[in-house]
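Student: Please take me through the sheet, the helices that lie across it, and the nonpolar core of this model.

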Amino acid sequence: MLVKDCMTRHPAMIPPTTPAVEAQRVMTENKIRHLPVVGDGKKLEGLITRQRLTLKPDALASLEMWEITRFLSNMTVKDIMLKASEVYTITPDRTIERAAAILSEHKIGCLPVIDEGVVVGILSRIDVLQSFQQMLGLPVEGVRVTIRMPHREGEFARLASVIAKNGLGIMGIGSFPSPRQPNSWDVVLKIPRVSLSEVKEILSQVPDQEIIDIREIA
């Protein structure tokens, strides 16, 4: 999966001259946590987050009530946004796992998606989580099975051969190093239109490979 397959296309965007209260209204009505700020030609100028709309108490402490009202009404997005130079972005042709790494490394909630300088989408943590669900076939009913195999050439081919020989299909797949076992890998498969007992019987035919978890997913 690439970023362009998972991002939210044509996201809500606002110009930097927008009043902060209007930005808050747009975010609330659209149930979003991030709002790209764009100039002419949808060029990224900044980013508004919910945290940016939260005023610090010390900024208001010296103001009278009527001054606070005026202060808030005069505040624009440009006054509180993250500047474009501070915003991490990504292009639509990058992989979803690279996007996940950037989000995780920098502890941020979204990445504006930029194509030739223009904002074409936005990728949030939720979008990334949904993409991994799809990779593992969560939306499809079937049997989810985790198989532990030796970390050596040809092991996955042996597994795939048994699956094909018995006419099974695969709707989701993932793999990762086995926890605390450096010489093994775990492969997660989502197999539709088959019973749990059938999967157990078929995959037990693969020598040196072990089913470590199996369950039906509805």
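**Sheet, helices and core**

Tutor: The open sheet has 3 strands in the order β1-β6-β5, with antiparallel pairing. Strands are DSSP E runs of at least two residues, helices H or I runs of at least four, numbered from the N terminus; two strands pair if DSSP finds at least two bridges between them. The model is predicted: local features need pLDDT of at least 70, side-chain atom pairs count only at pLDDT 80 or more, and totals for chains, interfaces and linings use all residues. Residues are numbered from 1 along each chain as its sequence is written, and side-chain values use heavy atoms, without hydrogens and water.

Student: Which strands stand at the edges?

Tutor: An edge strand here has a single partner, so one side of it is left without a neighbour in the sheet. The strands in that position are β1 (8-9) and β5 (110-115).

Student: Which residue stands opposite Asp115 in β6?

Tutor: β5 and β6 (residues 118-124) run antiparallel and are joined by 6 bridges. Opposite Asp115 stands Val118.

Student: At what angle to β6 does helix α7 run?

Tutor: Axes are lines fitted to C-alpha atoms, for helices over the stretch in contact (heavy atoms within 4.5 Å), with angles from 0 to 180 degrees between N-to-C directions. Helix α7 (residues 125-135) lies across β1 and β6, and its angle to β6 is about 65 degrees.

Student: Which element gives the largest share of the largest nonpolar core?

Tutor: Such a core joins buried (under 20% relative accessible area, 1.4 Å probe, protein chains only) Ala, Val, Leu, Ile, Met, Phe, Trp, Tyr and Cys residues through side-chain atoms within 4.5 Å. This one has 17 residues, and Val145 is among those that touch the most other members. Elements giving two or more residues include α8 (155-165) and β9 (184-191). The largest share, 4 residues, comes from β7.

Notes:
Buried < 20%, exposed > 50% of the residue type's maximum accessible area, 1.4 Å probe, protein only.
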